[in-house]
Amino acid sequence: MSALTIFVILVIMTTSHVHCRGGHMSGKKITVQVENDLQVDTVLVLHCRSSNNDLGEKTLHSGQYENWTFNGNPSSTTLYSCDIKWNNKQQNFTVYESTKDEATCTSKCYRGISAEGIYFFNEFKNTWEKRYSLN
Ligand SMILES: *[C@@H]1O[C@H](CO)[C@@H](O)[C@H](O)[C@H]1NC(C)=O
Ligand SMILES: *[C@@H]1O[C@H](CO)[C@@H](O)[C@H](O)[C@H]1NC(C)=O
């Protein structure tokens, strides 16, 4: 075997070992929090779910929030959507999508629903970004 072959085998062994260790680590805890930032006295009815976790319907007065925590699973796609109702209006939006949001938050996946739209907190940049408009 040439030195290059041995080197390549060593690199493969090292990287697969790291990959293996990563796979044994339990996923990071992700916390998503949704706050009613609509005008005072505007009641928001929030119903969020993923394919295997239904959080049920929650009534949030302005300033109130709901949060929940789950294990971020790096090998599968986690997707939570929420149905929101306020002032006889209704909308459904994606509140957490691992493919997109792993890069923006872990323990502080905060979302604010305001008259200007639905804002997502970027924990790593410490900024709020508008992701959706309200219908
Ligand atoms: C989740 O909400 C509870 C109150 O309902 C609060 O005490 C807690 O700090 C919140 N968790 C996070 C991670 O913000
Ligand atoms: C939002 O809409 C999607 C696609 O129609 C649906 O699969 C999902 O269950 C809805 N979410 C809620 C919380 O109603």
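Visitor: How do the residues of the shell around ligand 1 divide into nonpolar, polar and charged?

Guide: Ala, Val, Leu, Ile, Met, Phe, Trp, Tyr, Cys and Pro count as nonpolar, Asp, Glu, Lys and Arg as charged, and the others, Gly among them, as polar. Around ligand 1 there are no nonpolar, 4 polar and no charged residues. They are Thr-31, Gln-33, Asn-67 and Ser-107; a residue is near a molecule if its C-beta atom, placed from the backbone, lies within 6 Å of it.

Visitor: What should I know about the model and its numbering?

Guide: This is a predicted model, in which local features need pLDDT of at least 70 and side-chain atom pairs count only at pLDDT 80 or more, while totals for chains, interfaces and linings use all residues. Residues are numbered from 1 along each chain as its sequence is written, with chains lettered from A and ligands numbered from 1 in the order in which they are written.

Visitor: Which residues surround ligand 2?

Guide: His-47, Cys-48, Arg-49, Ser-81, Cys-82, Asp-83 and Asn-92 do. By class, this shell has 2 nonpolar, 3 polar and 2 charged residues. Strands S2 (44-49) and S5 (79-86) each supply at least two residues of it. Strands (E, at least two residues) and helices (H or I, at least four) are DSSP runs, numbered from the N terminus.

Visitor: In which sense do S2 and S5 pair?

Guide: Strands of a sheet pair through backbone hydrogen bonds, either parallel or antiparallel. Two strands count as paired if DSSP finds at least two bridges between them. S2 and S5 are antiparallel, over 5 bridges, and Arg-49 stands opposite Ser-81 in S5. S5 also pairs with S6 (residues 89-97), antiparallel over 8 bridges; there the partner of Ser-81 is Thr-94. S5 and S6 form a hairpin with 2 residues between them, and Asn-87 in the turn has a positive phi of about 40°.

Visitor: Which side chains of S5 are buried?

Guide: A residue is buried if 20 or more other C-beta atoms, placed from the backbone, lie within 10 Å of its own. Along S5 the side chains alternate: Tyr-80, Cys-82, Ile-84 and Trp-86 point to one face and are buried, whereas Leu-79, Ser-81, Asp-83 and Lys-85 point to the other and are not. In the protein chain, buried residues make up 18% of the 135 residues.

Visitor: In what order do the strands of the open sheet run?

Guide: Its 5 strands are ordered S4-S1-S7-S8-S9, with mixed pairing. S4 (65-71) and S9 (127-132) are the edge strands, each pairing on one side only. Within this sheet, S1 (residues 29-36) and S7 (residues 109-114) pair in the parallel sense over 5 bridges, and Glu-35 has Gly-112 in S7 as its bridge partner.

Key
Buried ≥ 20, exposed ≤ 12 C-beta atoms within 10 Å, placed from the backbone.
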